[in-house]
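Please work through the exercises below with the sequence and the structure at hand, trying each task before reading its solution.

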Amino acid sequence: MLTISGLRVRYGSLVAIDDLDLTVPPGELFVLLGGSGSGKSTLLRTIAGFVRPESGRIAINGADLTDLPPHRRPVNMMFQSYALFPHMSVAANISFGLRTRGMSRAAVADRVREMLGLVRLQGFEARRPSQLSGGQQQRVALARSLAPRPALLLLDEPLSALDRNLRRDTREELVGLQHDLGLAFILVTHDQEEALTMADRIGVMHAGRLMQVGSPSDVYERPDTRFVAEFLGAANILPVSVRNGRAELACGLVVHTAMDVPADARWLAVRPERVMIGAVDAANRVAGVVVQQSYAGDTLTHVVRLADGSLLRATTALQQGLGADPVSVGDAVTLAWQPAACIVLRR
Amino acid sequence: MMGRRLVLAIPWAWLLIFLILPALIVLKIALSYPADSVPPYAPMLPGLHVSTDAFSLILSDPLYRDALLLSLKVAALSTAICLLTGYPMALAIARSSERWRSVLLLLVMLPFWTGFLMRINAWIGLLQDNGWINTIAVALGLPALRLLYTDTAVYIGMVYTYLPFMVLPLYTRLTQLDASLLDAAADLGAPPWRAFLRITLPLSLPGVWAGILLVSIPAAGEYVIPELLGGPQAQLIGRVLWQEFFNNRDWPTASAIACALVMLLLLLPGAIIWATRQAVRAAAITRGAAAEARPAVAPPAR
């Protein structure tokens, strides 16, 4: 169990992490999601001990780590660049963290073999990192960081250096491995799809703060803030005014929502894939003109201009292929969405 | 294609004209008979007058052997001192902030702004019996030391002169070192000294070798420093060569010494590098042997 309380990190005048609290229970795959400069990598490096916090506390299973140097912390990190030792064989790389802990030769050899089996790299022990493909290097880095049996594994953008197809396969492998090991992972990424598919819980970071923490469906379907709604997936954000406890759009539509509308609500967020085109029976309906279409293979997105000039996106899954779509640019259409699709945001 | 060959031809032509050709001329003089003429050796042709007397002499007379051994000893010890002082310097410069780095590098290279002979002469002023070092020592209540014209003075001069040639290649190598490797070593439980021994030091070895060669080769043939700072006992090979050439006007013997020195300086580093490679390979095999003791059962992935 990792407990972070009141953590604050400062680089000169820049506050990189601002009063952050976080608890990660054993066996959880926690994903830190954020853009560049959000502080997610700094948080990871602070947990590993490379960055000294200005204030706050980091503890694992009740033991305070805050003042320990990196080499005395029971956590291991998998680096974004992998940071494999170029002058050592695969076996020597994996055994590095075991030898520093004074493990016997025989035990080291057993553990190295076990780790190579875990990442399916048997037979590669004598190779140098430069003789491996990117995917193989990634697996060596993983094996090296898992070998010393850390209480917590930190992964800094572990899949970013892999090409797209390999990334998808590796993602599934990594989740399976984490599940089998029952070890807590904290994984940093800027890729929202990666975060949604892998995480037990996601923490969305922005400007050194955790904006929202929750399960992928929580964070995606019930974002707290406009920032989270826009950062995680696409979202139509429309300004609203509140009248008699109901939200009204600039075009005059009074929106039917499933959730209560607070008096200080400012925006309505609707996911494009929940906006339907055509005469559909849904509580919220609005007319507009198609101004743009974009085809993504599995989906088709229409950009529709409403009467007041605001734009709304509607994404349709192409289950029947593109041929069936009768709508083209310039057509007048009706957009519709259910009350449950409405996300009312206060900030 | 043509242009590329032309570009490559320039350094080759340079090497041919200014290195290989003069070396062959020196070899020719070494194999000639001495003569009371200008220049002081007999022509080889016609009649093929080839003499190995000069080589026989330097191989049989202990004077040359001792001078050569002393030169190698002075070069080796000077190189070792340069390495032991230069490595921490290079490491400190490589790890200092961007702003300080250029200043510190400039300080390392600053002596090059002044002529070499001037700087060695300045050391005479520092080292002599009533020089600056002894004046300060006496003022501090320490005993005055005899420094000038001793072996110590030779070593001081050598280390002073050649230290930048050790620091610069080491610095270049150490700045190329990926800092995340040291993070990874620390993360895997290595305290700083262990990370240094297992990561920084082995990865800086090419810089260490470059520094060793850049210091030891000119140091082995050094003439000016033992001549100006050393005593009469400091008979280094460079000095002996000078005497043969200018005092005795025995060009074949001087040339033979030059040839022997060049051969030695070419063979010795080659042998050292070869031996180290073998040692590193042997160590790597022993280290990997534990993991490879039992062959893998499953086929490799992918």
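The exercises that follow concern a predicted model, and each task is followed by a worked solution.

**Exercise 1. The build of chain A**

Task: Find out how many helices and strands chain A has, and which domains are assigned to it.

Solution: Begin with the secondary structure, which for chain A comes to 8 helices and 20 strands. Next turn to the domain assignment, which gives domain 1 as residues 2-223 and domain 2 as residues 234-345; the centres of these two domains of chain A, taken over C-alpha atoms, are separated by 39 Å. As for overall extent, the C-alpha trace of chain A spans about 75 × 50 × 35 Å along its principal axes. Finally, of the 347 residues in chain A, 41% are buried.

**Exercise 2. An open sheet and its helix**

Task: Work out the order of the strands in the open sheet of 4 strands in chain A, and say which strands are at the edges.

Solution: Following the pairings across the sheet gives the order β2-β1-β4-β5 in chain A, with antiparallel pairing. The strands that pair on one side only are β2 (14-24) and β5 (63-64) of chain A, and these are the edge strands. To check one pairing, look at β4 (residues 55-60) of chain A, which is joined to β5(A) by 2 bridges and runs antiparallel to it; here Ala59(A) has Asp64(A) in β5(A) as its bridge partner. The last step is to place helix α1 (residues 40-48) of chain A, which lies across β1 (2-11), β2 and β4 of that chain and runs at about 65° to β2(A).

**Exercise 3. Following strand β9 of chain A**

Task: Determine how β9(A) runs relative to β3(A) and to β10(A), parallel or antiparallel.

Solution: Take β3 (residues 29-34) of chain A to begin with: 5 bridges join this strand to β9 (residues 201-206) of chain A, and the two run parallel, with Leu33(A) standing opposite Val204(A) in β9(A). Then go on to β10 (residues 209-214) of chain A, which is joined to β9(A) by 5 bridges but runs antiparallel; in this pair His206(A) has Arg209(A) as its bridge partner. The strands β9(A) and β10(A) form a hairpin with 2 residues between them, and in the turn Ala207(A) has a positive phi of about 50°.

**Exercise 4. Two helices of chain B**

Task: Describe how α3(B) and α11(B) cross, and identify residues that meet there.

Solution: The axes of α3 (residues 62-95) and α11 (residues 237-247) of chain B come within 8 Å and cross at roughly 140°, which makes α3(B) oblique to α11(B). On the α3(B) side the residues are Tyr64(B), Ala67(B), Leu68(B) and Ser71(B), and they meet Ile237(B), Gly238(B) and Val240(B) in α11(B). Sorted by class, this contact has 5 nonpolar, 2 polar and no charged residues.

**Exercise 5. Met158 of chain B**

Task: Decide whether Met158(B) is buried or exposed.

Solution: First locate Met158(B), which lies in helix α7 (residues 151-176) of chain B. Then count its surroundings: a residue is buried if 20 or more other C-beta atoms lie within 10 Å of its own, and Met158(B) has 25 other C-beta atoms within 10 Å, so Met158(B) is buried. Leaving aside neighbours within four places in sequence, Met158(B) is in contact with Val74(B), Ser78(B), Ala219(B), Glu222(B) and Ile225(B). Of these, Glu222(B) is 64 residues from Met158(B) in sequence, while their C-alpha atoms are 8.5 Å apart.

Methods
Residues numbered from 1 in each chain as written. Chains lettered and ligands numbered in written order. Predicted model: local features only at pLDDT ≥ 70, side-chain atom pairs only at ≥ 80, totals over all residues. Pairing = 2+ DSSP bridges. Contact = placed C-beta atoms within 7 Å. Axes fitted to C-alpha atoms, helices over the stretch in contact; angles between N-to-C directions. Buried ≥ 20, exposed ≤ 12 C-beta atoms within 10 Å, placed from the backbone. Domains from an automatic or database assignment. Parallel < 35°, antiparallel > 145°, perpendicular 65-115°, else oblique. Nonpolar A, V, L, I, M, F, W, Y, C, P; charged D, E, K, R; others polar.
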